Amino acid sequence: MRNIFILILIVSGVPAFSQKIISGKIIDKTNGEPLQYAVVSEDHHGLAVNSDKDGYFRLSLIKPIDS
């Protein structure tokens, strides 16, 4: 019984620590080249990251967003 209780506590705490990862590649619409060091931001929580030299970015959100 004690083991079941401990398992329930562990499983119920997992969603509290989950993260949403938003990632992608930013390219120029006109020529298809990657945009280096473009800012990608999420205004609701005030998070921002820059794309790398190849246009890739990765933004980790702790709380879910609505859009």
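**View 1. His 45 in the loop between β2 and β3.** In this predicted model, His 45 is partly exposed, because its relative accessible area is 31%, and here buried means under 20% relative accessible area, exposed over 50%, and partly exposed in between (1.4 Å probe, protein chains only). The residue belongs to the loop between β2 and β3 (47–50), where strands (E, at least two residues) and helices (H or I, at least four residues) are DSSP runs that are numbered from the N terminus. Between the C-alpha atoms of His 45 and Leu 61, which are 16 residues apart along the chain, the separation is 8.5 Å. Residues are numbered from 1 along each chain as its sequence is written, and side-chain values use heavy atoms, with hydrogens and water left out. Because the model is predicted, local features need pLDDT of at least 70 and side-chain atom pairs count only at pLDDT 80 or more, while totals for chains, interfaces and linings use all residues.

**View 2. The hairpin formed by β2 and β3.** These two strands, β2 and β3, pair in the antiparallel sense over 4 bridges, and two strands are said to pair if DSSP finds at least two bridges between them. Val 40 has Val 49 as its bridge partner in β3. The hairpin has 4 residues between β2 and β3, and in its turn Gly 46 has a positive phi of about 75°.

**View 3. Ser 51 in the loop between β3 and β4.** Ser 51, which is found in the loop between β3 and β4 (56–61), is buried, because its relative accessible area is 1%. A polar atom of the Ser 51 side chain lies 2.8 Å from the backbone oxygen of Leu 35. Not counting residues up to four places away in sequence, Ser 51 touches Ile 26, Leu 35, Gln 36, Tyr 37, Ala 38, Tyr 56 and Phe 57, where contact means heavy atoms within 4.5 Å.

**View 4. Tyr 37 in the loop between β1 and β2.** Tyr 37, one of the residues that Ser 51 touches, lies in the loop between β1 (20–25) and β2 (39–42). Tyr 37 is exposed, because its relative accessible area is 53%. The phi of Tyr 37 is near 60°, which is a positive value in a residue other than glycine.

**View 5. Strands β1 and β4 side by side in the pairing.** β1 and β4 pair in the antiparallel sense over 6 bridges, and Ser 23 stands opposite Arg 58 in β4. Ile 21, a residue of strand β1, counts as partly exposed, because its relative accessibility is 34%. Leaving aside neighbours within four places in sequence, Ile 21 is in contact with Arg 58, Leu 59 and Ser 60. Although Ile 21 and Leu 59 are 38 residues apart along the chain, their C-alpha atoms are separated by 5.8 Å.

**View 6. The two faces of β4.** The side chains alternate along β4, so that Phe 57, Leu 59 and Leu 61 point to one face and are buried, whereas Tyr 56, Arg 58 and Ser 60 point to the other face and are not buried.

**View 7. The chain as a setting for the close-ups.** The chain contains 1 helix and 4 strands, which follow the pattern α-β-β-β-β when read along the sequence. Of the 67 residues in the chain, buried residues make up 13%.

Technical notes. A polar contact is a pair of N or O atoms within 3.5 Å; within protein, one must be able to donate a hydrogen and the other to accept it, and residues adjacent in sequence count only if both atoms are side-chain atoms.
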